[in-house]
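Student: Can we go through this one by asking why each label was given? I'd like to see the reasoning behind the words.

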Amino acid sequence: MTTRKIFLLLLNIFCSSFLFSQVHFLSDFESASIGSVKLLDSVWIKSTPTDSMLTLSYEISSRFDPQNPVDTSLSPSARWYYFRITGVKGKQLFINIRNSETIRPFYSYDNKNFKRFEYVENINKGQINKIFTQDTVYICHFIPYTCSYLDKRFEEWSESKYVKTEVIGQSQQGRDIRMMTLTDRSVDDANKKRVWIHGRVHPSEHPSSWHLEFLIDKLLDGSVHSRALLANTIFYIVPFTNPDGVYGGLSRSASTGVNIEINWNRPDSLTMPEVKALRGKIENLTKEKPFDLFLNMHSQISGTITYWIHTAESTSELMFRKQMLLSALTINDNPLFSPADLSFSDVAPRYAEGWVWNRSGNSTVAITFETPYTYYKNDKSGEWVSLDNLKSLANNSLFAISDYLGISSDARILADVKVSRPSGWKKVNDDSMVYFGNECLITNKQKQRVRAKVKFPEAGTYKVYTWVAGAAYNWSDNLINRWKFVGSVTVSKKCTYKWKGTSDQMNGVANKMLFIK
Ligand SMILES: [Zn+2]
């Protein structure tokens with residue numbers, strides 16, 4: 001080797017060591033979390049004839065939540081991780097995250113724009129392998145939805161004339177638990193439907209907050225339908241039930257270690273302040289009238305969207321049918337959600353839903369709504385969860401809520417189906433089928449004539465859908481329990497229109513129709 005070559009090699013090693021010597025893992029910022037970090041190996045490899053690259057191999061563990069002092073048999077979770085690594089530019093890092101369900105997590109160079117690791121960068125669960133192009137990188141389980149970000153959104157939402165905000169209590173560490181009430185205050189509240197939604201009981205479940213944010217945005221988008229929804233409904237929304245957990249980067253517990261999701265039936269001394277705040281507010285709001293709908297927004301490791309449907313055995317057949325109607329309306333026209341994705345369990349008083357069931361019975365559908373972190377419909381080769389598709393889901397969720405509540409607008413008109421020859425039909429109250437209202441008309445005869453009267457507010461083309469009511473139990477295909485497109489109607493002016501059809505278009509069940517501009 002010539003002196004020049006030796007000089008260049010030494011210079012290269014010196015520069016490399018100097019430039020690449022400092023790699024630090026940090027979790028000194030909001031919602032951050034990391035457990036232990038262990039450097040396993042550090043090797044220089046010759047990446048080009050004149051250059052070398054440092055390859056570092058780390059084993060890290062996700063940080064565990066505090067030990068749960070109330071449900072002592074529960075092991076603390078360590079799902080959430082969100083950390084910064086500095087000094088990584090031009091280095092190849094192998095990071096093995098031992099104790100979280102990591103599949104294609106996210107990274108960002110500016111802590112704002114996050115990108116999923118590519119499949120080749122995370123071939124094995126929990127193992128990241130990447131050469132980073134900037135000196136600092138943030139790595140996290142999902143795109144973070146933090147307290148300061150929510151503060152910013154709260155300020156923006158508060159500017160709307162439809163929004164009022166209030167503090168309903170304090171967390172264990174003294175953070176405000178905030179609620180927003182969304183409704184059109186120029187309309188009398190007396191006949192409005194009432195919907196309660198809360199989120200982030202489990203701090204790691206960041207996708208659920210994006211879902212809820214997009215739902216609020218959609219509600220405030222000024223569209224004809226959203227305005228009708230606000231004129232006919234009051235939404236009470238608590239985006240962060242557990243602000244301490246979110247701020248502290250915890251996984252499933254509050255700052256105390258308690259999983260407040262299952263803290264609703266404890267004696268006062270073991271009930272967390274977050275649950276007390278929620279219960280107090282709900283008791284206050286439902287003194288005279290129960291909620292129509294109660295949504296508890298979560299995210300889950302399973303690669304599916306789901307509603308946790310309470311069994312008929314643990315609630316009632318009517319409650320089961322109502323839950324299935326809401327599910328069917330959410331699955332309708334949603335390529336990312338299918339009947340096979342629904343989950344079933346018995347209602348239990350330790351959960352908010354069980355507490356509401358004991359309080360309001362059949363009047364309130366109280367249900368947990370889960371979004372995944374990874375992909376949809378258990379299909380790794382399909383669509384992966386992104387902010388874009390969570391936004392589509394939120395838009396879909398809002399139409400499902402409004403159809404479920406029976407709210408029409410000039411852009412989305414619901415109508416009852418009437419039959420021409422009642423003798424060919426039977427009136428039933430059959431909770432084993434999924435339909436709107438208390439009863440429906442069924443027939444087993446073909447080509448029975450049906451009609452619906454609808455007021456079109458202006459000239460235009462309206463798409464026509466019939467509700468195809470099918471079985472509530474063991475529902476597995478996409479042919480039933482959905483809005484079925486049956487044609488279009490064009491009118492030249494505002495008018496009352498009489499639609500005519502047959503029993504075949506609605507699976508022999510005369511129930512509801514939908515006209516969409
Ligand atoms: Zn959860």
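Tutor: Sure. Buried means under 20% relative accessible area, with a 1.4 Å probe and protein chains only. Keep in mind that this is a predicted model.

Student: Okay, why is Thr241 called buried?

Tutor: Its relative accessibility is 3%, and the cut-off is under 20%, so Thr241 counts as buried.

Student: Where is Thr241 in the chain, and what is it in contact with?

Tutor: Thr241 sits in the loop between strand E13 (233-238) and helix H5 (243-247). Beyond its neighbours within four places in sequence, its contacts are Ile177, His198, Gly199, Arg200, Val201, Ile260, Glu274 and Leu278.

Student: And Thr304, why does that one count as buried?

Tutor: Same kind of check. Thr304 has 7% relative accessibility; the limit is under 20%, so Thr304 counts as buried. You'll find Thr304 in the loop between strand E14 (293-300) and strand E15 (306-310). Leaving out neighbours within four places in sequence, Thr304 is in contact with residues including Asp341, Glu370, Tyr375 and Lys377.

Student: Let's turn to the domains. What are their bounds?

Tutor: The domain assignment gives domain 1 (3-140), domain 2 (162-405) and domain 3 (412-516).

Student: How do you know that domain 2 and domain 3 are in contact?

Tutor: Contact takes heavy atoms within 4.5 Å, and 16 residues of domain 2 are in contact with 21 residues of domain 3. Between them the two domains bury about 1700 Å², 60% of it on carbon and sulfur atoms. Arg321, Pro339 and Asp403 supply 38% of the area that domain 2 buries against domain 3, more than any other three residues.

Student: What makes the pair Arg321 and Asp431 a salt bridge?

Tutor: The rule wants a side-chain nitrogen of Lys or Arg within 4 Å of a carboxyl oxygen of Asp or Glu. For Arg321 and Asp431 the closest N and O atoms are 2.6 Å apart, so the pair fits the rule. The count between domain 2 and domain 3 is 2 salt bridges.

Student: How many residue pairs are in polar contact across that interface?

Tutor: The rule finds 7 between domain 2 and domain 3, with both residues at pLDDT 80 or more. On the domain 2 side, helix H7 (317-331) and helix H9 (387-405) are the elements giving two or more residues, and H7 has the largest share, 9 residues.

Student: What kinds of residues make up that side of domain 2?

Tutor: The side touching domain 3 divides into 11 nonpolar, 2 polar and 3 charged.

Notes:
Residues numbered from 1 in each chain as written. Predicted model: local features only at pLDDT ≥ 70, side-chain atom pairs only at ≥ 80, totals over all residues. Heavy atoms only, no water. Helix = DSSP H or I, 4+ residues; strand = E, 2+ residues; numbered from the N terminus. Buried < 20%, exposed > 50% of the residue type's maximum accessible area, 1.4 Å probe, protein only. Domains from an automatic or database assignment. Buried area = accessible area lost by both parts, 1.4 Å probe. Polar contact = N/O pair within 3.5 Å; in protein donor to acceptor, adjacent residues only side chain to side chain. Nonpolar A, V, L, I, M, F, W, Y, C, P; charged D, E, K, R; others polar.
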